[in-house]
Amino acid sequence: MQTTVNIIVNEKEFLENGLHFSCTQCAKCCCGTPGVVFLEKHELKALAKHEELTEEQFIKVFCRWIELDDGSKLLSLRENSKFECIFWKENAGCSVYPLRPVQCRTYPFWSNVLKDEESWNKEKERCPGINEGELFTKEKILEDLHSYESRNIISEH
């Protein structure tokens, strides 16, 4: 079975010379549309410690369970009523930036965005930092993609 990383390595020439990306802090990936930010155990632990809460308290205050089509449930950060990440602060940005989850740290180098050159360029409609600024090497992109794809997201038992 081929993983997305293998498919991209073997078939996506548009990655060969790297891709340009520079976060403009526009917050479109954090705010404005419904979404999920899934958490791994180490991320939950670090964020709970940062908020001076137990993991159970943190889950009650900052998280929600997302039910998938197969009935399983995965832990995600909450959003406010304006579909902003619970940790997004107007005029200040991400209040947990150094601790942000892998899902946040690896954007836009996600499998659905890197599916093909058309998908990458279409994401530019949402993210003004795509095809701008810093050049990320193919190796760095694949490293981020691997981190994103190999997450061990907390599930409800």
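A charge is taken to sit over a ring if NZ of Lys or CZ of Arg is within 6 Å of the ring centre and within 35 degrees of the ring normal. In this predicted model, Arg-100 offers a good place to start: its charged end is placed over the ring of Tyr-97, 3.8 Å from the ring centre. A second arrangement of this kind involves Arg-151, which lies over the face of Tyr-148 at 4.2 Å from the centre of the ring.

Arg-100 also leads to the largest pocket, whose volume is about 960 Å³. The lining of this pocket consists of 45 residues, and the closest to the pocket centre are Cys-29, Cys-30, Arg-100, Cys-104 and Tyr-107. Several elements contribute to the wall: β5 (93–94), α4 (102–105), β6 (130–136) and α6 (138–149) each supply at least two lining residues. Of these, α4 gives the largest share, with three residues. In terms of chemical class, the lining is made up of 27 nonpolar, eight polar and ten charged residues.

With cysteines among the residues closest to the pocket centre, it is natural to turn to disulfides. The count for the model is zero. Cys-85, for example, takes part in no disulfide, and the nearest cysteine sulfur, that of Cys-104, is 6.3 Å away. For Cys-94, the closest cysteine sulfur belongs to Cys-85 and is 6.3 Å away, which is too far for a bond, because a disulfide requires the two sulfur atoms to be within 2.5 Å. The surroundings of these two cysteines can be described as well. Cys-85 has a relative accessible area of 17% and is therefore buried, since the cut-off for that class is under 20%. Cys-94, at 26% relative accessibility, is partly exposed.

Aromatic contacts come next, and the whole structure contains nine aromatic pairs. One of them joins Phe-21 and Phe-109 in an edge-to-face arrangement, with 6.2 Å between the ring centres and 75 degrees between the planes. Because Phe-21 belongs to strand β1 (residues 19–21) and Phe-109 to the loop between α4 and α5 (117–123), this pair ties together parts of the chain 88 residues apart in sequence. Both Phe-21 and Phe-109 are buried. A stacked pair is formed by Phe-58 and Phe-87, with centres 6.1 Å apart and an angle of 15 degrees between the planes. Here helix α3 (residues 55–62) provides Phe-58, while Phe-87 comes from the loop between β3 (73–77) and β4 (88–89), so the contact ties together parts that are 29 residues apart in sequence. Phe-58 is buried, with a relative accessible area of 0%, and Phe-87 likewise counts as buried, at 3%. Ring pairs also build a cluster, in which Phe-21, Phe-109, Trp-120 and Phe-136 are linked.

Finally, the description reaches Asn-152, found in the segment after α6. Asn-152 has a relative accessibility of 58% and so counts as exposed, the cut-off for this class being over 50%. The C-alpha atom of Asn-152 is separated by 30 Å from that of Glu-90, a residue 62 positions away along the chain.

Key
Residues numbered from 1 in each chain as written. Predicted model: local features only at pLDDT ≥ 70, side-chain atom pairs only at ≥ 80, totals over all residues. Heavy atoms only, no water. 1 Å grid on protein atoms, 1.4 Å probe; cavity = no way out; pocket = protein on both sides within 12 Å on 5 of 7 lines; lining within 4 Å. Points joined across faces, edges and corners; volume = space filled by probe spheres on them. Helix = DSSP H or I, 4+ residues; strand = E, 2+ residues; numbered from the N terminus. Nonpolar A, V, L, I, M, F, W, Y, C, P; charged D, E, K, R; others polar. Buried < 20%, exposed > 50% of the residue type's maximum accessible area, 1.4 Å probe, protein only. Phe/Tyr/Trp six-rings, centres within 6.5 Å; stacked < 30°, edge-to-face > 60°.
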